Amino acid sequence: MNGMDPALKPRLRRRSTFEYVAWVVCTLVGLGILISVATNPNFKWEVVAKYFTHESILRGLMLTIFLTVASMALGTLLGLVLAIMRASSVKPIAAAAGVYITLFRGTPVLVQLIFWFNIAALYPNLTIGIPFTNIGTAVDVNALMGPITAALIGLTLNEAAYMAEIIRGGFSSVGKGQIEAADSLGMSGAMKMRKVIIPQAMPSIIPATGNQVIGMFKETSLVSVLGVAELLQSAQLIYARTYETIPLLIVASAWYLVMTLLLSYPQSKLEQKYSRTTSRLPRNAKPVVLTDPEGAAR
Amino acid sequence: MSTDGTIVALKIRKSFGPKTVLKDINLDIASGEICCIIGPSGSGKSTVLRCINGLETVDSGVLKVNGEDFGYYETDDAYHALPPKKLAEQRTRVGMVFQQFNLFPNMTANENIMSGPVLVKGQDKKQAIERAHELLASVGLAGFGDYYPAQLSGGQQQRVAIARSLAMDPEIMLFDEPTSALDPEKVGEVLAVMKELAKKGMTMVVVTHEMGFAREVADSLVFMDDGYIVERGDAREVLSNPKEPRTQAFLEQVL
């Protein structure tokens with residue numbers, strides 16, 4: 001009618017009635033929640049603001065970060081050992097790793113943490129030395145197993161079981177043909193693992209590990225039951241005095257949220273980088289230059 | 001290490017669970033012989049090849065590769081499995097080329113070719129890279145050393161895989177349907193490399209569906225069916241004048 005070229009007319013997306021209704025309902029509900037949160041004096045936002053950068057909260061945050069990094073690093077290392085053991089052709093080795101993984105994945109972390117904290121009930125004195133001789137020193141387990149040690153051990157041993165499964169999954173994503181090719185060249189087991197299996201398993205292991213880091217960051221809040229003054233416990237210690245429970249839980253939650261958001265950006269980058277389609281080529285691959293007929297004929 | 005290049009198989013049996021894939025395999029391949037194995041799928045051709053390379057172990061029978069019992073040592077009353085180091089050493093003397101190439105995707109063409117000599121034999125890197133360049137040139141891929149497998153076509157990848165096997169200086173080369181995963185127009189370039197190799201006196205055992213290659217290059221032809229070697233003879237003779245009815249039936253279908 002108006003003489004517009006039909007070939008240039010934009011093609012418009014169809015919006016369903018449902019879409020309009022959804023917009024209205026979600027906006028109304030969202031606004032309602034926002035107004036309620038902002039106007040309800042019981043949230044005590046000024047208290048939240050006051051404690052957000054409180055010294056003991058920040059110290060708790062640091063401890064949370066330390067626990068996350070340390071237990072992830074140690075757990076990944078131990079998980080790698082377990083995964084290699086699990087893949088062993090020597091039955092007892094594979095079975096031992098299997099039992100470990102089953103035990104630690106099959107029981108709650110919280111229970112494990114409390115268990116390690118009370119390990120002295122089982123072994124009050126630990127003797128480190130050479131068996132069947134008198135050489136060695138006895139250690140008082142109760143003194144050794146402080147809350148932070150117990151937290152670190154509990155989180156690490158638990159994480160190792162999960163990392164072992166992730167790494168094992170990565171190993172099994174490497175094609176059988178790759179292993180056969182390595183075998184036919186006469187590579188030893190360790191060489192095969194280092195040069196063929198692990199490099200190729202990385203693309204599936206790394207993003208999953210990133211997810212574990214984010215999970216671990218929140219999981220550390222469990223060690224508050226041992227009295228470790230990490231982020232949550234630091235908040236709890238304050239509201240035990242001031243009875244400002246909700247505002248301090250908001251402070252702790254806000255920090256957890258900030259940290260997980262900060263971590264999820266590199267995580268999504270990692271996932272993109274190692275996604276199936278892009279992982280075929282190493283980063284430093286030279287671009288193909290089509291100079292000869294052989295190369296051009298692809 | 002003696003240069004030998006012979007393969008002897010006597011009454012070889014091999015089962016996967018309840019399924020017996022090799023029932024009574026007797027084979028005698030001379031040094032420098034080019035032997036093609038043909039047969040319907042599931043006849044056990046690939047399994048024979050994989051046994052010669054130790055990717056599968058035989059259940060019973062005698063298997064001598066390069067004049068030695070392969071993977072086992074013999075005593076008065078049994079064959080005992082060799083330690084992994086010994087087995088690996090025997091394997092380095094037998095090259096294997098796979099249907100799916102199986103190049104290491106995390107290594108360049110050069111690194112793939114050098115992986116055997118450097119990682120397994122502990123060869124000097126400088127020497128190994130020189131050799132890699134020579135080998136790449138010999139399979140018609142000079143200058144492709146820095147490319148990763150994903151940057152190469154199927155035919156090019158298979159030629160790199162052949163170079164990788166050759167880098168170990170094996171006495172015997174095994175090819176497991178080397179052209180089956182290739183686009184039709186890439187088959188020729190791989191077969192050309194194999195023909196060149198055949199001229200150099202390497203012992204080659206090739207499982208293939210390329211009857212043209214068998215006719216042109218092979219000294220001997222083995223037709224397998226249902227875990228048995230049904231017919232064996234001069235390649236051109238068997239192809240043009242098969243004696244066994246099962247060979248006749250198979251060739252009628254594929255030619």
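1. A good place to start is strand β3 of chain B, residues 34-38, which is mostly covered: five of its five residues are buried. The model here is a predicted one, so please read everything below as computed from that prediction.

2. The cover on β3(B) comes from both sides. One face carries I34(B), C36(B) and I38(B), the other carries C35(B) and I37(B), and all of these are buried.

3. Which strands pair with β3(B)? Strand β10 of chain B (residues 203-207) is one of them, running parallel to β3(B) and joined to it by four bridges. β11(B) is another, also parallel and also joined by four bridges. I37(B) is a handy residue to follow through this part of the sheet: V207(B) stands opposite it in β10(B), while V222(B) is its bridge partner in β11(B).

4. Now for the charged pairs. A search of the whole structure gives 21 salt bridges over all chains. One that you may like to look at joins two chains, because R91(B) sits in helix α2 of chain B (residues 84-92) and D183(A) in helix α8 of chain A (residues 176-184). The closest N and O atoms of R91(B) and D183(A) are 4.0 Å apart, and both residues are buried.

5. Within chain B, D226(B) and K23(B) form a salt bridge with an N to O distance of 3.1 Å. This pair links distant parts of the chain, 203 residues apart: D226(B) is in the loop between β11 (220-225) and β12 (228-234), and K23(B) is in strand β2 (residues 19-29). D226(B) has 43% relative accessibility, so it counts as partly exposed.

6. Where does the salt bridge between E68(B) and R93(B) sit in chain B? The closest N and O atoms of this pair are 3.5 Å apart. E68(B) belongs to strand β5 (residues 68-69) and R93(B) to the loop between α2 and β8 (94-97), so the contact ties together parts that are 25 residues apart in sequence. The two partners fall into separate burial classes: E68(B) is partly exposed at 35% relative accessibility, whereas R93(B) is buried, with a relative accessible area of 6%.

7. Finally, a small group to view together: K176(A), E180(A), R50(B) and E56(B) are joined into one network by salt bridges that share partners.

How values were computed. Residues are numbered from 1 along each chain as its sequence is written. Chains are lettered from A and ligands numbered from 1 in the order in which they are written. This is a predicted model: local features need pLDDT of at least 70, side-chain atom pairs count only at pLDDT 80 or more; totals for chains, interfaces and linings use all residues. Side-chain values use heavy atoms; hydrogens and water are left out. A salt bridge is a side-chain nitrogen of Lys or Arg within 4 Å of a carboxyl oxygen of Asp or Glu. Buried means under 20% relative accessible area, exposed over 50%, partly exposed in between (1.4 Å probe, protein chains only). Two strands pair if DSSP finds at least two bridges between them.
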